[in-house]
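Okay, everyone, thanks for coming. I'll put the structure up, and then we'll walk through it together.

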Amino acid sequence: MEPLVEKGLAKSIGVSNVNLQQLGEILRIAKVPCVNNQIENHPFLDQTGLIKFSKENNVSITAFGPLGSPERPWAPENDKNLRNDPVVKKIADSRKCTPVQILIAYNLSQGLVCAPKSTCVERIEENFKVISWCLVHTSALCSTYSLQISLRRGARPEHVLFADLRKVTCM
Ligand SMILES: NC(=O)c1ccc[n+]([C@@H]2O[C@H](COP(=O)([O-])OP(=O)(O)OC[C@H]3O[C@@H](n4cnc5c(N)ncnc54)[C@H](OP(=O)(O)O)[C@@H]3O)[C@@H](O)[C@H]2O)c1
């Protein structure tokens with residue numbers, strides 16, 4: 001990707017599913033630093049260390065699976081649904097909004113880009129409404145942070161062999 005940026009064929013470089021150690025290594029060896037990392041982020045997965053490090057190093061974050069990716073094919077039968085979590089529901093009730101809006105606001109209030117997916121027009125509209133709501137109600141979200149356990153839904157970044165990545169980078 002770096003030659004593409006140098007030739008003006010790409011504006012900037014983004015990465016995905018990169019953890020804190022991997023991001024540090026990428027920034028150490030990159031000639032063109034990456035500007036965005038797309039990571040799984042929701043109240044069931046504590047990413048505060050990675051988010052802090054990214055901000056300190058000018059790497060913005062896009063949160064994927066912000067609603068807990070309920071449709072993922074490998075979800076277990078007893079999957080813990082974020083939308084039904086009692087803390088999330090309690091905040092939503094008290095703020096007269098939906099649990100999904102709380103989950104999106106959770107990401108926006110951390111200064112992240114949030115990428116929820118919906119195939120339904122009404123839900124997409126519901127999801128967009130959070131932007132104005134979030135500015136007013138950020139403090140209400142504090143208790144969602146207490147949910148941060150470790151329920152990753154996607155692939156573990158450390159399962160990507162970093163030696164391979166370095167080989168690609170040096171080509
Ligand atoms: N970089 C990566 O490795 C990676 C990995 C996973 C996902 N992603 C990206 O992240 C984005 C979102 O992730 P995701 O699709 O896994 O999970 P998600 O956004 O957490 O959840 C999507 C699910 O939530 C439902 N939903 C959306 N808005 C809703 C609302 N207002 N009320 C009720 N249900 C609602 C959707 O159903 P309906 O469609 O029926 O509304 C869908 O079942 C996608 O664009 C995906 O491509 C990236």
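So, reading along the sequence, you get α-β-α-β-α-β-α-α-β-α-α-α. That comes to eight helices and four strands. Keep in mind that this is a predicted model.

How far can we trust it? The average pLDDT for the chain is 85, and 81% of the residues score at least 70. Then have a look at residues 161–171, where the pLDDT is below 50. That stretch has four contacts in the model, once you set aside near neighbours in sequence. As a rule, where pLDDT is low, you shouldn't read the predicted coordinates in detail.

Now the sheet. In what order do the strands sit? They run β1-β2-β3-β4, in an open sheet of four strands with parallel pairing. The edges are β1, residues 14–16, and β4, residues 113–115, and each of those pairs on one side only. If you ignore direction, neighbouring strands in this sheet are turned by 25° against each other on average. Let's zoom in on one pair: β1 and β2, where β2 covers residues 36–40, are parallel and joined over three bridges. To find one of these partners on the screen, start at Ser16 and go across to Gln38 in β2.

What about the chain as a whole? It has 171 residues, and buried ones make up 28% of them. Take the contacts with a separation of 6 or more: 66% of those are between residues 24 or more positions apart.

For a helix that is mostly covered, go to α5, residues 99–108, where nine of the ten residues are buried. Among the buried ones are Pro99, Val100, Ile102, Leu103 and Tyr106. Gln101 and Asn107 are on the buried list too.

Now compare that with Leu4, over in helix α1, which spans residues 2–6. Is Leu4 buried or exposed? Leu4 is exposed, because it has 12 other C-beta atoms within 10 Å, and 12 or fewer is what counts as exposed. Leaving out neighbours within four places in sequence, Leu4 touches base with Leu9 and Ala10, its contacts.

Next, two backbone oddities. Most residues other than glycine have a negative phi. Asn17 isn't a glycine, yet it has a positive phi of about 60°. You'll find Asn17 in the loop between β1 and α2, with α2 at 20–29. Asn17 has 17 C-beta neighbours inside 10 Å, so it counts as partly exposed. Asn58 also has a positive phi, near 60°. Asn58 sits in the loop between α3, residues 48–56, and β3, residues 60–64. Which label does Asn58 get, buried or exposed? Asn58 is exposed, because just 10 other C-beta atoms lie within 10 Å.

Last stop, the ligand. Which residues come nearest to it? Out of 22 around the ligand, those are Phe64, Leu67, Ser69, Lys117 and Ser118. Sorted by class, the shell has eight nonpolar, ten polar and four charged residues. And which element gives the largest share of that shell? That's helix α6, residues 121–128, with three residues.

That's my tour, so over to you for questions.

How values were computed:
Residues numbered from 1 in each chain as written. Predicted model: local features only at pLDDT ≥ 70, side-chain atom pairs only at ≥ 80, totals over all residues. Buried ≥ 20, exposed ≤ 12 C-beta atoms within 10 Å, placed from the backbone. Helix = DSSP H or I, 4+ residues; strand = E, 2+ residues; numbered from the N terminus. Near = placed C-beta within 6 Å. Nonpolar A, V, L, I, M, F, W, Y, C, P; charged D, E, K, R; others polar. pLDDT = per-residue confidence, 0-100. Contact = placed C-beta atoms within 7 Å. Pairing = 2+ DSSP bridges. Axes fitted to C-alpha atoms, helices over the stretch in contact; angles between N-to-C directions.
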